[in-house]
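Me: I would like to go through this model with you. Could we begin with the surface and then turn to the interior?
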Amino acid sequence: MKPYERYRTRKLLLALTAAGGLLLTACSGGGDSGEGSKAADRDTSGLPAPAWSQGTSEQDDDRREDPDHLSTFALDVDTASYDYARRTLADGRLPDPSTVRPEEFVNSFRQDYERPDGDGFSVTVDGARTADEDWSLVRVGLATRTTERTGERPPAALTFVIDVSGSMAEPGRLDLAQESLSVMTDRLRDDDSVAIVTFSDEAETVLPMTRLDGNRDEIHDVISELHTRDSTNLGAGVETGYETAVEGLREGATNRVVLVSDALANTGDTDADTILERISGERREHGITLFGVGVGSDYGDALMERLADKGDGHTVYVSGTAEARKVFCEELPRNIDLTARDAKAQVAFDPETVEEFRLVGYDNRRVADEDFRDDRVDGGEVGPGHTVTALYAVRTEPGAEGHLATATVRWLDPGTRDPHEETGDLETGALDDSVRSANRSFQVTATAAYFADALRHDDPLLPGAPRLGELAERADDLADRTQDTEIHRLAEAIDTASRLKRTDRE
């Protein structure tokens, strides 16, 4: 069976329901399942819904969306899954497949997409054919402006919620957080503010919201005095953190809760939805987002990831000093200045050229197609200097030529909450002949996706996927050609996974 045969939509069913669907043109169809096939007997261009700022016209009717060829998702800039997988492999273990999220592997690497001049996004769509007949990998790349304007960012009001439970005593947990917070305290601006909440079996505010200017010594003292205690009541920590953030709320500032934990909750509320429901008012009324920083060799990945996604934020994982300093001193300050709120992407594949497709990853970020322009539906929060990448496996019609896909990103201005959109297109003629002949960044994207696929499945599912041993050789070659440290680390992780999988089989 060819890759993704299981994802092909039933043409017969579409043919039988097409006539009935014409009676329901006021509805755009159900949510995207990440799959599609050529719609039978439908006269449609496969382009996205008519431009949101334009009224309805005859031309709009001719360009009506075909829901079977739409894919919609909230943007995600999480990277925790990839970093935790690398930590697990370094410890001599294969990661649990349930912790492997392909989009976080793909988004862990720098990309060279063209940047927009102002807030919002640029859209880049490219792709390459694979060795599997008629199958290609198609990449949608979104980029925000660079971080050169950080001096113009609003002040930050950051509430740090620090796990001080017994498990945080392991080297590389609380000690790493203390060192990183201390360095960050020296690097934040004078007009920024921080508060610190700790939690074990109970939660306590050990530092109310305090301006950095003139108070750095006091903040350093509080950080140095943190010590581990008992069990992990993460729910109490998050709730107290949001209460402290609201008490210290600063108008005109970016107000954020930063959770630092191994997320091994064992006391009180341990369900992400229940925890978030208790602080839903603060999140909605004040727009306070959650930034999750995971630590520890044993790590509650699922809980942290769900908290961050549902808390309108994102999550990272750190296992060493260099990574921690990068997160606290580079990534966190960069995320203070939001360039887009509730950002969502919708990709429309042309039914004249596309037989079927599947979005790789983003399982927890899917959005119903009809909710793309419903600004009440949560999207992703994105800051300057970010890139977001989505990869699709696409099967084209044999010999198909012409328009392949249109990608649209929609976001709200962080200040005014006015909506904006940007689009990009891809033609079949623009596809590279092979993944290995594509540009460097595309090869890195494909390698990261193939790696995640191999960790999730014993038999590769992505079209053109090499076995792990061959993928390791390709990654080594790519690392040598680019002299990129991050790609060298990727190659090492793939090689380690290949050896561990061989050992398991033996």
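Me: Which residues gather in a patch of negative charge on the surface?
Reply: In this predicted model, the patch of negative charge is formed by Asp217, Glu218, Asp221 and Glu225.

Me: Where does Asp221 lie?
Reply: Asp221 belongs to helix 6, which spans residues 216-224. Its relative accessible area is 44%, so Asp221 counts as partly exposed.

Me: Turning to salt bridges, how many does the structure hold?
Reply: There are 30 salt bridges in the structure. One of them pairs Arg474 with Glu470, at 3.0 Å from N to O.

Me: How far apart are Arg474 and Glu470 in helix 13?
Reply: They are four residues apart in helix 13, and therefore separated by about one helical turn. Glu470 is partly exposed, at 38% relative accessibility.

Me: Which residues are joined into one network by salt bridges that share partners?
Reply: That network comprises Arg87, Asp91, Arg93, Glu170, Arg173 and Asp262. Within it, the side chains of Asp91 and Arg93 meet at 3.9 Å, N to O. Asp91 is partly exposed, with a relative accessible area of 39%, and Arg93 is likewise partly exposed, at 38%.

Me: Now the interior: which residues touch the most other members of the largest nonpolar core?
Reply: They are Phe105, Leu137, Val435, Tyr450, Phe451, Leu468 and Ile494, out of 39 residues in that core. Elements giving two or more residues to the core include strand 4 (135-143), helix 12 (440-456) and helix 14 (485-505).

Me: Which element gives the largest share of this core?
Reply: Helix 12 does, with 10 residues.

Definitions and conventions:
Residues are numbered from 1 along each chain as its sequence is written. This is a predicted model: local features need pLDDT of at least 70, side-chain atom pairs count only at pLDDT 80 or more; totals for chains, interfaces and linings use all residues. Side-chain values use heavy atoms; hydrogens and water are left out. Patches are made of residues with over 30% relative accessible area and no salt bridge: like charges are joined within 9 Å, nonpolar side chains (Val, Leu, Ile, Met, Phe, Trp, Tyr) within 5 Å. Accessible areas come from the Shrake-Rupley method with a 1.4 Å probe; for residues, only the protein chains shown count as cover. A salt bridge is a side-chain nitrogen of Lys or Arg within 4 Å of a carboxyl oxygen of Asp or Glu. Lys and Arg count as positive and Asp and Glu as negative; His and the chain ends are not counted. The place of a charge is taken as NZ of Lys, CZ of Arg, CG of Asp or CD of Glu. Buried means under 20% relative accessible area, exposed over 50%, partly exposed in between (1.4 Å probe, protein chains only). A nonpolar core is a set of buried Ala, Val, Leu, Ile, Met, Phe, Trp, Tyr and Cys residues joined through side-chain atoms within 4.5 Å.
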